[in-house]
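Colleague: Before I use a model like this at the bench, I would like to learn how to read its features one at a time. Could you take me through them, giving the idea before the case?

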Amino acid sequence: MAIRLRMISAVLVVTLLTAVVAPALMPRRSEAFIDLLITVGAVIAGGKVAGGLVEGAVDKAEDAARGIMQEAATQINKLIQQLETTYGNALNTTLDSLDSFTGQQLAKVATLFDQINQALMEDVAVIQQAVIDLLKEVNQMIQQTLSRLEDLIVVGVRGATFVIDKTTYNAAFLVAVVLLAIGLIVFTKLLWSGKVPKGWVRVVALSFMAFYILLFSALMVPQTRVYAITMVGQGDKLNEIGPGARIFTVTPAKVTKGAQVDVTLIGANYDAGGEPKVFFQGQEITPQAWSDTHIVVRLTASQTNVDGAQSISVKTADGKSSSPAILTFAAPPPPAQVVSWRLLPTGRAYEYKQFGPVTATCVSPRFVPVFFGKEIMVDSGWELATDDAHRGSVDTSLAGDVPNPPLGFSESNVKRTGSGNVQRVITYLPSAGAASKTGIKVDGVCSGQSFSGKIEFSADYRVWGRKLVQKDGTAVSGGPCTARGISRCATYPGDKLAMFRDGRPDSYTLMVTVRTGAGQTVNKTMVFTPGTPGQRLTVDDVAIWMENSELWVHGPGGFRLPPNLILPIAPLPIKPLPIFR
């Protein structure tokens with residue numbers, strides 16, 4: 001009897017120890033966020049803007065940095081998907097209610113998103129190294145955060161939302177299975193041995209056995225297990241931000257005076273059953289796009305023609321206004337300038353040469369027909385110039401078939417004496433199957449009309465040949481061009497490109513003199529190949545490139561439009577929990 005009681009006591013001790021020790025396994029919520037009340041939805045919103053801006057700026061980066069930017073865009077999208085999966089039903093959860101590691105990581109990621117958005121929203125021509133360093137940091141931070149988010153489960157219990165660790169969730173299942181198995185073995189042995197005490201002790205023992213089996217059987221049910229985990233302090237209750245619109249970040253925060261700009265307000269509780277309004281300098285502005293976590297509003301050049309710090313606020317459909325956020329306006333920086341430029345096209349152009357003349361003759365005595373034939377060929381490496389610019393002429397009084405129009409050859413100095421008939425046929429060589437022709441063949445016959453008469457015929461035939469060679473075209477110069485935002489600086493004249501095959505050179509050599517906004521003058525040369533993406537000549541914060549025959553310049557000043565990713569983030573339903581994750 002004493003042994004059996006000790007066994008039951010051991011089981012109870014294990015159970016109690018599990019309840020006492022297990023709380024230490026769950027990361028506790030962070031106490032670091034006293035003034036920081038950013039929500040999970042705001043982190044997602046900032047990530048959507050950052051991911052779109054990074055993807056749109058990849059072509060502005062040097063080759064070595066493109067891989068980093070593409071990886072950052074991929075990692076940002078992964079984080080957004082994981083956040084929506086984990087917290088899809090609790091997007092207004094504030095970061096200060098998360099466990100310490102997750103809250104701190106997401107706060108750092110949100111800060112990096114804001115820095116990336118501020119840097120890339122400005123219409124920069126060149127991706128600076130500081131932005132690349134930010135993207136490297138965000139890649140590392142997201143990888144650490146993803147590994148943590150994958151270990152969390154968000155569930156609703158008793159009208160509240162809790163986050164629990166998958167390890168704790170699974171450990172509770174395993175502990176329940178082990179303890180239930182031990183209890184069943186012990187209780188079965190006691191019952192079959194027939195040594196269960198009589199009287200009230202028997203009633204207490206059987207009641208304990210039933211309660212024990214019921215308790216640990218219930219812990220194998222997901223919802224009951226979650227309830228038990230939260231009851232013993234193993235789940236962090238997620239706090240949602242209070243009612244009313246909140247503005248967390250404004251992108252861009254600094255605006256060039258007098259420039260049209262689309263401003264993105266990232267926050268929470270913008271959706272109060274209808275479209276929110278934005279107020280700037282007392283003017284009501286209708287959003288370009290909006291959701292519960294972000295608003296895009298367009299400020300015109302006249303609205304931004306102000307100085308210093310100006311407030312901007314949101315008023316939701318239920319009439320409640322947010323606290324104002326600050327936009328700072330400053331005079332535009334001195335513009336950079338392309339002082340002068342020179343474009344020299346180089347490419348494959350045709351060189352032309354005349355071959356011949358070759359004389360075809362025929363003398364026919366009396367009724368005897370005499371046949372003749374001549375081939376007039378271009379040299380090896382050349383082809384017949386069968387283009388409109390080399391249209392020849394033929395004697396139309398002669399009978400016979402000739403190409404119409406006669407391209408690439410000419411018939412001249414036609415002489416015919418005596419009475420009789422002359423026929424000649426002109427065909428291209430090779431006659432069929434070749435993409436280009438290399439000459440012509442003149443076949444004919446002449447015959448006199450009487451015993452005493454004869455006919456003499458002769459004609460000269462010339463052909464024009466062509467071959468492709470590398471040639472420089474005509475150099476064209478010009479300037480100046482102001483480098484503020486994106487603008488077309490010049491277009492190479494189309495009539496000067498006709499010399500090249502298909503009217504398109506293989507490359508343009510650009511020689512350019514640039515004066516930066518800081519007043520520094522720089523001379524640079526670069527060869528551009530039409531149709532090759534990503535070729536850019538950079539001078540400080542100025543970028544110059546060719547699009548077909550057009551010269552484009554991009555200097556500091558102005559802002560990019562935010563990416564078209566402003567979509568409502570709808571709360572996701574709580575999915576049924578599996579027995580084991």
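**Reading the strands, a helix and the confidence**

Modeller: Let us begin with strand E10, residues 294-299, which is mostly covered, since five of its six residues are buried. Please keep in mind throughout that this is a predicted model.

Colleague: Which strands pair with E10, and in what sense?

Modeller: The idea is to look for the bridges that join one strand to another and then to ask which way the two run. Strand E6, residues 261-268, is joined to E10 by six bridges, and the two run antiparallel; Val261, for instance, has Leu299 in E10 as its bridge partner. Strand E9, residues 289-290, also pairs with E10 in the antiparallel sense, over two bridges, with Trp290 standing opposite Ile295. Between E9 and E10 the chain makes a hairpin through three residues.

Colleague: What is the order of the strands in the open sheet, and which strands are at its edges?

Modeller: For a sheet, one reads the order across the strands, which need not follow their numbering. Here the five strands of the open sheet come in the order E5-E12-E11-E7-E8, with mixed pairing. Its edge strands are E5 (254-256) and E8 (283-285), each of which pairs on one side only, and from one strand to the next the twist averages 35°.

Colleague: Where in that sheet do I find the parallel pairing, and where the antiparallel?

Modeller: Go pair by pair. E5 and E12 pair in the parallel sense over three bridges, and there Thr256 stands opposite Ala330 of E12. On the other hand, strand E11 (residues 308-315) pairs with E12 in the antiparallel sense over five bridges, where Ile312 has Ala325 as its partner. Strand E7 (residues 277-280) and E8 also run antiparallel, joined by three bridges, and Phe279 is matched with Glu284 in E8.

Colleague: Which side chains of strand E12 are buried?

Modeller: Here one sorts the side chains by the face to which they point. Along E12, residues 325-330, the side chains alternate: Ala325, Leu327 and Phe329 point to one face and are buried, whereas Ile326, Thr328 and Ala330 point to the other face and are not.

Colleague: How should I read a helix, and how many residues of H2 are buried?

Modeller: Compare its span with the expected one, and then look at its cover. Helix H2, residues 40-57, has 18 residues and reaches 26 Å from its first C-alpha to its last, close to the 26 Å expected at 1.5 Å a residue. H2 is mostly covered, with 16 of its 18 residues buried.

Colleague: What about aromatic pairs: how many does a search of the whole structure find?

Modeller: Such pairs are read from the distance between ring centres and the angle between ring planes. The search finds six aromatic pairs. In the pair of Tyr350 and Tyr352 the centres are 6.2 Å apart and the planes stand at 50°, so this pair is tilted. Tyr350 counts as buried because its relative accessibility is 18%, while Tyr352, at 37%, counts as partly exposed.

Colleague: Finally, where is the pLDDT below 50?

Modeller: Where pLDDT is low, the predicted coordinates should not be read in detail. The protein chain has a mean pLDDT of 79, and 78% of its residues reach 70 or more. Over residues 1-35, however, the pLDDT is below 50, although this stretch has 51 contacts in the model beyond near neighbours in sequence. Residues 564-581 also stay under 50, and for them the model has 50 contacts beyond four places in sequence.

Methods:
Residues are numbered from 1 along each chain as its sequence is written. This is a predicted model: local features need pLDDT of at least 70, side-chain atom pairs count only at pLDDT 80 or more; totals for chains, interfaces and linings use all residues. Side-chain values use heavy atoms; hydrogens and water are left out. Two strands pair if DSSP finds at least two bridges between them. Helices (H or I, at least four residues) and strands (E, at least two) are DSSP runs, numbered from the N terminus. Axes are lines fitted to C-alpha atoms, for helices over the stretch in contact, and angles run from 0 to 180 degrees between N-to-C directions. Buried means under 20% relative accessible area, exposed over 50%, partly exposed in between (1.4 Å probe, protein chains only). The expected span of a helix is 1.5 Å times one less than its number of residues. pLDDT is the predictor's confidence in each residue, from 0 to 100. Contact means heavy atoms within 4.5 Å. Rings of Phe, Tyr and Trp (its six-membered ring) pair if their centres lie within 6.5 Å; planes under 30 degrees apart count as stacked, over 60 as edge-to-face and the rest as tilted.
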